[in-house]
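Student: Hey, got a minute to walk through a model with me? I'd like to start with the pockets.

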Amino acid sequence: MATIYHGEYLSRLAGQVLIILGDPAGLKATHKKGDVIRDLNYADAEFCRRTESAEKVLSVTTVSGTWEYSLNTANVTGADVTSILAVFWDTGTGGVRRRLDRLPEASLRVAQQWQTISGDPVYYYEKNVPGYNATLGLHPVPASAKTVTLECTWAPVSQSSDHGTDETMMFDDTDQPRTPAMYHQALVHRAAAERFAVDNNIDQAAFFMGMFDKAIEEYRIQSQMDDVLYIRNVRGLVRGS
């Protein structure tokens, strides 16, 4: 079963979709529960991918002489890493972690020619981000087995057929989306738009897709406002110190 988050349960979300469709019992052939759940999973993945709203902390154990590490591991099975926020190297001294600098694109080709240089990493780089095949690169090449911790944003994949069995999806009635709770209604609108499109009700499909897009824009605006307020508060604390 997928991890439980605060917000609406899958069964309630699916029920709301059917009410919008005017078919609360899901009697129409195109309104089956399985189809609605698939659409809700797709909506959840799309919201997380477009807003980078779902955050996660991952741990990767390095191997001596290995500089690139797939992020499609037991830590993130089925998840698309949408951005890497920060990377930390465990120095092995009293639990101290050192934040790694992101290697500029202009320096990446040069660094890859230095793969014989080993030691404690100072830089990291990323490949195939965003994406299911996201890869983390370290430079210099790790000379020992230690822990790298990543703070990243991610999105669940939209269907089990995308990448095999995927525990990040919603399956059970009590599962909940990764989308922030106050935007769960947007997932209902996105799923309803998909079902209306299948029913060839183009006007209603466009209307509810517009509602979904509007919710994403509202999230982005609110997120930007929160960032501005945070910066102002930090500056105020610095001036007052």
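Tutor: Sure. First, what we mean by a pocket: it's an open set of grid points with protein on both sides within 12 Å along at least five of seven lines. Its volume is the space filled by probe spheres set on the points. And keep in mind that this is a predicted model.

Student: Ok, so what volume does the largest pocket have?

Tutor: About 180 Å³ for the largest pocket.

Student: And which residues lie nearest its centre?

Tutor: E52, E55, T153, Y219 and S223. The lining of that pocket has 10 residues.

Student: How does the lining divide into nonpolar, polar and charged?

Tutor: You get 5 polar, 3 charged and 2 nonpolar residues in the lining of the largest pocket.

Student: Which element gives the most to that lining?

Tutor: That's α6, with 3 residues. Helix α6 covers 202–240, and both α6 and β3 (79–90) supply at least two lining residues each.

Student: Switching topic: what's the secondary structure of the whole chain?

Tutor: The chain has 6 helices and 10 strands. Of its 241 residues, 41% count as buried.

Student: What about contacts, how far apart in sequence are the residues they join?

Tutor: Take the contacts between residues at least 6 apart in sequence: 70% of those join residues at least 24 apart.

Student: And the surface, how much of it belongs to carbon and sulfur atoms?

Tutor: 52% of an accessible surface of about 12,800 Å².

Student: Let's look at β8. Are its residues buried or exposed?

Tutor: Buried: β8 runs over residues 135–139, and 5 of its 5 residues are covered that way. T135, G137 and H139 point one way, while L136 and L138 point the other way.

Student: Which strands is β8 joined to?

Tutor: β2 (residues 68–70) is joined to β8 by 3 bridges, running antiparallel. β7 (residues 123–127) is also antiparallel to β8, with 5 bridges.

Student: What stands opposite L136 and H139, then?

Tutor: Y69 is opposite L136, and Y123 is opposite H139.

Student: Last one, helix α1. Which of its residues are buried?

Tutor: In α1 (residues 10–20), the buried ones are L10, L13, A14, Q16, V17 and L18.

Student: What covers them?

Tutor: The cover includes α2 (33–51) and α5 (184–198).

Student: And what comes after α1?

Tutor: G22 follows α1, and its phi is positive, near 75 degrees.

Conventions:
Residues are numbered from 1 along each chain as its sequence is written. This is a predicted model: local features need pLDDT of at least 70, side-chain atom pairs count only at pLDDT 80 or more; totals for chains, interfaces and linings use all residues. Side-chain values use heavy atoms; hydrogens and water are left out. Buried means under 20% relative accessible area, exposed over 50%, partly exposed in between (1.4 Å probe, protein chains only). Helices (H or I, at least four residues) and strands (E, at least two) are DSSP runs, numbered from the N terminus. Contact means heavy atoms within 4.5 Å. On a 1 Å grid over the protein atoms alone, a cavity is a set of points where a 1.4 Å probe fits but cannot get out, and a pocket is an open set with protein on both sides within 12 Å along at least five of seven lines; lining residues have an atom within 4 Å of a point. Ala, Val, Leu, Ile, Met, Phe, Trp, Tyr, Cys and Pro count as nonpolar, Asp, Glu, Lys and Arg as charged, and the others, Gly among them, as polar. Accessible areas come from the Shrake-Rupley method with a 1.4 Å probe; for residues, only the protein chains shown count as cover. Two strands pair if DSSP finds at least two bridges between them.
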